[in-house]
Structures are given as structure tokens and as C-alpha cells.
Amino acid sequence: MSDQEKPTLRPVSRRDFLNVAAVGSGTLITIGLAGRAFAAPKKFSQQQAHYQPIPKSGQRCQACALWQSPTSCQVVDGQVSPAGWCMLYQAKG
Amino acid sequence: MTHIRIASRWSLLPAVLLFGTALVVHRPAAAVPAFAQQTGRNCAACHVGGYGPELTQFGREFKLGGYTLRMHGSVPLSAMAVASWTHTRKDQIPPPDHLNANDNLVLDQASLFVAGGIGDHFGGFAQLVTYDGVGRSWSWDNIDLRAVTSAKIFGEDSVLGVALSNNPTVQDPWNTLPAWGFPFTDTAVSQTPAAAELIDGALAGAVVGITGYGWIGHKVYVEGGGYTSPSSGALKFVGVDPTSPGSVHGLAPYGRIAYQNDVAGGTFEVGGNLLKAAIFPGRDRSTGLSDRYTDWGLDASWLKSLGKTDSLSADVRFEHEHGDLRASCALALVGDGSDIGCANYHLNEWRAAVRYNWRGKLGITASPFSISGSRNFNLYGGNGRPDSNGIMGQIDFTPWGGGNSPLGPRFNTRFGLQYTVYGKFNGMRHNFDLAGANAADNNALRVFTWIAF
């Protein structure tokens, strides 16, 4: 099928590149600065994290890298059961 | 004597301006720091080895949850660039367009992303604009927009969603299927086998589709929907060749099922996929016939954490394709036009990748691959067989996957070295082109740098 007719696409000009680079640079610098302002730490709600007070597939909060004994989590708000589970589960290894 | 040559004198300029320094994909790839800012988690929380696109269990949940999980306000923009130097065992004759016969240093890809969630029900990942430094062209790239809600199904906490995407398998949360499978970055500089299946990326960017899915009990995944072709004008506007591969007749149905559970202390997944498509080649409907493709596949993956920062992952995929290119035959795009059955074929493809990540920084991967199928002299040169096989090895270093970059937590980079060895290439081990070329002549060493912000 190599003899199919190819469409004519506009070639990229040096001006295109410079425009994209200039706009992109400014945007990304802004993002970087804005990121610092947004960085106030807080936790996910249990609903957001799909938390359940029972294990899933053998996975339980007590075996998670984010677990904080006796009943809390580094990233999920509220009281957390050691036998619970949520979507942020990360095995300790 | 060979010379290293930059793709063009100014083609690396954006990377230089954007990132200050650049040793900066033909193959789509993604690592999106905007999501790290949104979730308050570093790249390693969602990505194995601290860099995209291989997803951890949480990364899969975040994706299937419609990218809506949010801890902080965020600016939903990211950028990425990949540059590489490639050496093939023998010079390429003729050399690739604009490039040398060997030892080419190129900007493979630079992309701008919009990525984030809106409220509790909408989110997306849009690789909005990509510059292909080898093809020297702009186009849109992977798009995955979602609407989701939580539900109880069979008493289990579940997620129901709808995904709008422009590349079948880009919406998949496992790294077994083509869009996000290993190798996560490669280049268009070196030669690759001629035979590939439709699902391997032929439709990427050339279709749009909607699929509905259920993530039932966070264990069972069921997805179904279809893809169709945008208008020729719309595809030209987004920088995609509307004639390749052509226009889909009606809808191309796509389905996917998978099951995920803990096995041997790791997260195990097994699944299957199906894609059927009838395509008017080159958008030519004059014969009333269409090319028919049926792809079905099986896949499995396993990911295990070892210690605090090490991990072992394994992915394997088998895909079968049956093709009947009756329209291409009638149009004499394949064969001489006298037999509409001139390209009735099948292909079988295997791919696997075993990867170890040490301390979340150093990764080593071995990835064997094989494609084989029926002999057809209308489709393939040489001995008429599509067979190719080999193995790719990769060593990569990701110094700041833990969000500890000196340029801030949004900046991440990976340095890597790939080596591809071919056992067979386009049908044979030796003299595959009947002009003296051997499969091993295409063995390639690639050194790459991949930056995301």
C-alpha cells in the first residue's frame, strides 16, 4: 500500500518552533512557580481513597508502606483500621 | 568513516529553551508531573521505577478513577522531550530521510500535555501536541478523556466510567497492551520489522472512540465500545495522514476484560482483548469493499515490591491477527488487482518484558519479541514470510523519581541505554532482502535522555 497518495502537510517553520518554544518556556516557568504555592500538605478523604474497613485480595493497611500505627495513614484522613484497604495501597515489600 | 549529525541545526532548539540543557518518540510515551502535583504524590507512587508509563497498582487505580483524585490545586500542564543517539551494526542504505546512514543524534519527540481532573467525575490525559523530530512533523498524540462515578456492584465498591480516546489500548491501565507496553520509548531512526498488527499502533491518532468500562470490586475490569474515523479535514488539522491506514467502515468494536488479584505477594493480572475493523484503504470506497482485520489477544502481568524501593515486574502478551485485505487487492494496492483474495493472512505476535528496579533509580529490562505468520509474497518481500524475532535489553537511570530533583518536584528525567538484537528480520536470519542483508545488520544500540516537567 506504499503507492497510496499522501496528503500535503504544512512543513514546520523556524517561526513555528520559536513561537512554541517561547510560549512553552513561559508557561512551564509559571507552572513551576505556581506549584510551590499549591504545595500545602493535606490528606485524601476516605471516600476519595475508596477506603474500606476490610481487606481486599489479602491486602491490608497494616502491610502498606503508608501505614502509621496504631490507626492512621500518611495520606488518608481519619481513623484507619489495620485490616482496612484503599486504592492507594502500596506494599511494604 | 561515519559522522554524528544533528537532525537539523535548529530542531533541538525547543528542548534547549524549555529545559536549559538537552541531550534530549516515535513511540508514544508519558510521564506527567501535573498528576504528581495534583495528587501530592511523587512520580514513583504511580510509576514503577519513578518514571512513566509503567503503572503501579495505585497508578492503575488513579487512571481508572478518571484522574480525579486530588490533594492539591494544580496547573494541568506538562511537557516532555526525548532525544537519542542510535548506532546500527551496519549502515542503513539508503539512509533515513534527512539523516546519516549511521550514528544519528535526534530529537525523537517533544510533547505538551494537558492532564488533570475536574471535580469528582471528570478527568483526562491529553498529549495535545507532539513534534516528531525524525519525521519533522507536528500532530496530536494520545488522548484519554474520562467521566467516572462510584457504584456498588455485587456489593463491591466499584468504578464505572466512559473513556474518549484516539488510540485503541491507550485507555488501558496495564502495561501489557501496545500503547503503553515496553519499550516505553523507541526511535524511528533504526529499521524495525515490516510486519505489525493493526492493534500495534496503526490506528493511533487516526480514529476516535468511546468505550464504557466497569472496574468491579477493584478486581474485575470489563470494557467495550468502538472507534471510527474523523473526517479527512479534521485529521489533517491535527497533523495526521488521513489516508493511513484509511477510514473505518462504521464502527470498529473494541472489547477488553481483565482480572487482578494478589499472587505470591505481587499484583497479578490476566486478561484478553478484541479489536475488529473494516477499513477503506486510503479512504477509497470505489470498490465497495473494505479491508477486514480481527485482532484478539491474551495478556498477563505481575508486579511485586521487594524491600522499600525495589520492584520486579513481568508482562507478557500474545496477539493473533487475521486479515483479509480484499479492498487493497481489488485496488491493486496489494497484488496485481486480479484476485481479491490476494492478501488473506494471519499473524501471531508475542512480547514479554521482565524488569527489575533497584532503589527506585536503576532499572534493567529484558524483552523478547516475536512475530510470525502465513507466507504471502504480495505482502512481504524476501521469502514471503513476515517472521521477525529478537530481544531488547535496557538499562536506565532515573535519579529523581522520588520528587527530589534540584529543579523542583515537577522535574524528572531518565537516562537509558537500549540494545536490540534480531534473530530473524522480515522472514530470514540471513539475506532477508535477497540482496545480502542479514538480520543482525539491524542490531541497534540506542542511548536516550527523556525529560518531563
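Two residues are in contact if their C-beta atoms, placed from the backbone, lie within 7 Å. That rule underlies the account of what covers helix α4 of chain B, given below. The structure is a predicted model, with an ipTM of 0.77 and a pTM of 0.87. Chain A has 93 residues and chain B has 453.

**Confidence**

- The mean pLDDT of chain B is 91, and 93% of its residues reach 70 or more.
- In chain B, residues 1–31 have a pLDDT below 50, and the model gives this stretch 100 contacts beyond near neighbours in sequence.
- Chain A averages a pLDDT of 76, with 56% of the residues scoring at least 70.
- One stretch of chain A with pLDDT under 50 covers residues 1–8, for which the model has 16 contacts beyond four places in sequence.
- Residues 36–40 of chain A also have a pLDDT below 50, and this stretch has 5 contacts beyond near neighbours in sequence.

**Chain A as a whole**

- Chain A contains 1 helix and 2 strands, and their order along the sequence is α-β-β.
- Buried residues account for 27% of chain A.
- Among the contacts in chain A with a separation of 6 or more, 65% join residues 24 or more positions apart.

**Chain B as a whole**

- Chain B has 6 helices and 19 strands.
- Of the 453 residues in chain B, 56% are buried.
- The C-alpha trace of chain B spans about 60 × 55 × 45 Å along its principal axes.
- A compact globule of 453 residues would have a radius of gyration near 22 Å, and chain B agrees with this because its own value is 22 Å.

**Helix α4 of chain B**

- Helix α4 takes in residues 57–64 of chain B, and 8 of its 8 residues are buried.
- The buried residues include nonpolar ones such as B:Phe58, B:Phe62 and B:Leu64.
- B:Arg60, B:Glu61 and B:Lys63 in α4(B) are buried too.
- The cover over the buried residues of α4(B) includes two helices of chain B, α2 (33–39) and α3 (43–46).
- Strands β7 (156–165), β8 (208–216) and β12 (266–281) of chain B are also part of that cover.
- B:Gly66, just after α4(B), has a positive phi of about 75°.

**Strand β3 of chain B and its partners**

- Strand β3 runs over residues 104–118 of chain B, and 12 of its 15 residues are buried.
- On one pairing, β3(B) meets strand β2 (residues 77–88) of chain B in the antiparallel sense, over 10 bridges.
- In that pairing, B:Ala79 is opposite B:Leu112 of β3(B).
- Strand β4 (residues 122–132) of chain B also runs antiparallel to β3(B), and 10 bridges join them.
- Here B:Gln109 is opposite B:Asp132 of β4(B).
- β3(B) and β4(B) make a hairpin with 3 residues between them.
- B:Gly119, in the turn of this hairpin, has a positive phi of about 65°.
- In a regular strand, side chains alternate between the two faces of the sheet.

**Nonpolar cores**

- The largest nonpolar core has 54 residues, and those with the most contacts inside it are A:Val76, A:Cys86, A:Leu88 and B:Phe113.
- Elements of chain B that give two or more residues to this core are α2, α3, α4, β2, β3, β4 and β19 (444–452).
- Another core, of 32 residues, lies apart from this one, and B:Val240, B:Ala277, B:Val334 and B:Leu347 are among its residues.
- Leaving out residues up to four places away in sequence, A:Cys86 touches A:Ala49, A:His50, A:Tyr51 and A:Val76.

**A closer look at B:Val316**

- B:Val316 belongs to strand β14 (residues 310–324) of chain B.
- Is B:Val316 buried or partly exposed? B:Val316 is partly exposed, because 17 other C-beta atoms lie within 10 Å, while a buried residue needs 20 or more.
- Not counting residues up to four places away in sequence, B:Val316 touches B:Thr176, B:Asp299, B:Ala300 and B:Ala352.
- B:Val316 and B:Leu128 are 188 residues apart along the chain, and their C-alpha atoms are separated by 29 Å.

Technical notes: Residues are numbered from 1 along each chain as its sequence is written. Chains are lettered from A and ligands numbered from 1 in the order in which they are written. This is a predicted model: local features need pLDDT of at least 70, side-chain atom pairs count only at pLDDT 80 or more; totals for chains, interfaces and linings use all residues. pLDDT is the predictor's confidence in each residue, from 0 to 100. Helices (H or I, at least four residues) and strands (E, at least two) are DSSP runs, numbered from the N terminus. Two strands pair if DSSP finds at least two bridges between them. The radius of gyration is taken over C-alpha atoms; the globule rule is 2.2 Å times the number of residues to the power 0.38. A nonpolar core is a set of buried Ala, Val, Leu, Ile, Met, Phe, Trp, Tyr and Cys residues joined through C-beta atoms within 7 Å.
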